[in-house]
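Let's walk through this structure together, from the overall layout down to a few individual residues. Keep the view open beside you as you read.

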Amino acid sequence: MNWKQLTIVFISTIVFLFAGNAIAQTDLNINNTNLIRLGGNVTVVEKQVLENAIAIGGSAIVQPNGLVTQTAIAIGGNIILKQGARVDGDAYAID
């Protein structure tokens, strides 16, 4: 492998690493009613109402007076309900 090819491989690796980090911590908020977090915790803040809160690679945390009306899912984490928080539907945690 010559220096030109080695340089291209090195630059490509750096670009993929930075792109992977950007994708790994992405929030998807669909119609302001569904919050999906890839690569970390999802938090339903105080007095927020969501249909679904899904954390892939983290925990789903519902703050006081926060409400999830359908489903809270945590893959690689826990479902954490603070005092006064509610999940009216189902809650699933797969660790």
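Below we start with the whole chain, move on to one sheet, and finish with three residues.

Keep in mind throughout that this is a predicted model. The protein chain holds one helix and nine strands. If you trace the chain from the N terminus, the helix comes at the start and the strands follow, giving the order α-β-β-β-β-β-β-β-β-β. How much of the chain is buried? Of the 95 residues in the protein chain, 26% are buried. The surface that the protein chain exposes comes to about 6,300 Å², and carbon and sulfur atoms supply 59% of that area. There is also a figure for how contacts are spread along the sequence: taking the contacts in the protein chain with a separation of 6 or more, residues 24 or more positions apart account for 2% of them.

Now for the sheet. Three strands form an open sheet in the order S3-S5-S7, and their pairing is parallel. Which strands stand at the edges? Those are strand S3 (42-44) and strand S7 (79-81). Each of them has a single partner strand, so one side of each is left without a neighbour in the sheet. From one strand to the next, the twist averages 10°. Looking at one pairing in detail, strand S5 (residues 60-62) runs parallel to S7 and is joined to it by three bridges. You can pick out a bridge here by finding valine 62, whose partner in S7 is leucine 81.

The loops that follow two of these sheet strands are worth a visit too. Lysine 47 sits in the loop between S3 and strand S4 (49-56). Its phi is near 65°, a positive value in a residue other than glycine. With a relative accessible area of 67%, lysine 47 is exposed. Asparagine 65 lies in the loop between S5 and strand S6 (67-75), and the phi of asparagine 65 is likewise positive, near 65°. Is asparagine 65 buried, partly exposed or exposed? Its relative accessibility is 46%, so asparagine 65 counts as partly exposed, since the exposed class begins over 50%.

Our last stop is aspartate 95, in the segment after strand S9 (90-94). Its relative accessibility is 80%, so aspartate 95 counts as exposed. What does aspartate 95 touch, leaving aside residues up to four places away in sequence? The residues are Gly76 and Gly77. Aspartate 95 and asparagine 78 are 17 residues apart along the chain, and their C-alpha atoms are separated by 7.1 Å.

Definitions and conventions: Residues numbered from 1 in each chain as written. Predicted model: local features only at pLDDT ≥ 70, side-chain atom pairs only at ≥ 80, totals over all residues. Heavy atoms only, no water. Helix = DSSP H or I, 4+ residues; strand = E, 2+ residues; numbered from the N terminus. Buried < 20%, exposed > 50% of the residue type's maximum accessible area, 1.4 Å probe, protein only. Contact = heavy atoms within 4.5 Å. Pairing = 2+ DSSP bridges. Axes fitted to C-alpha atoms, helices over the stretch in contact; angles between N-to-C directions. Areas by Shrake-Rupley, 256 points an atom, 1.4 Å probe, with all protein chains shown as cover.
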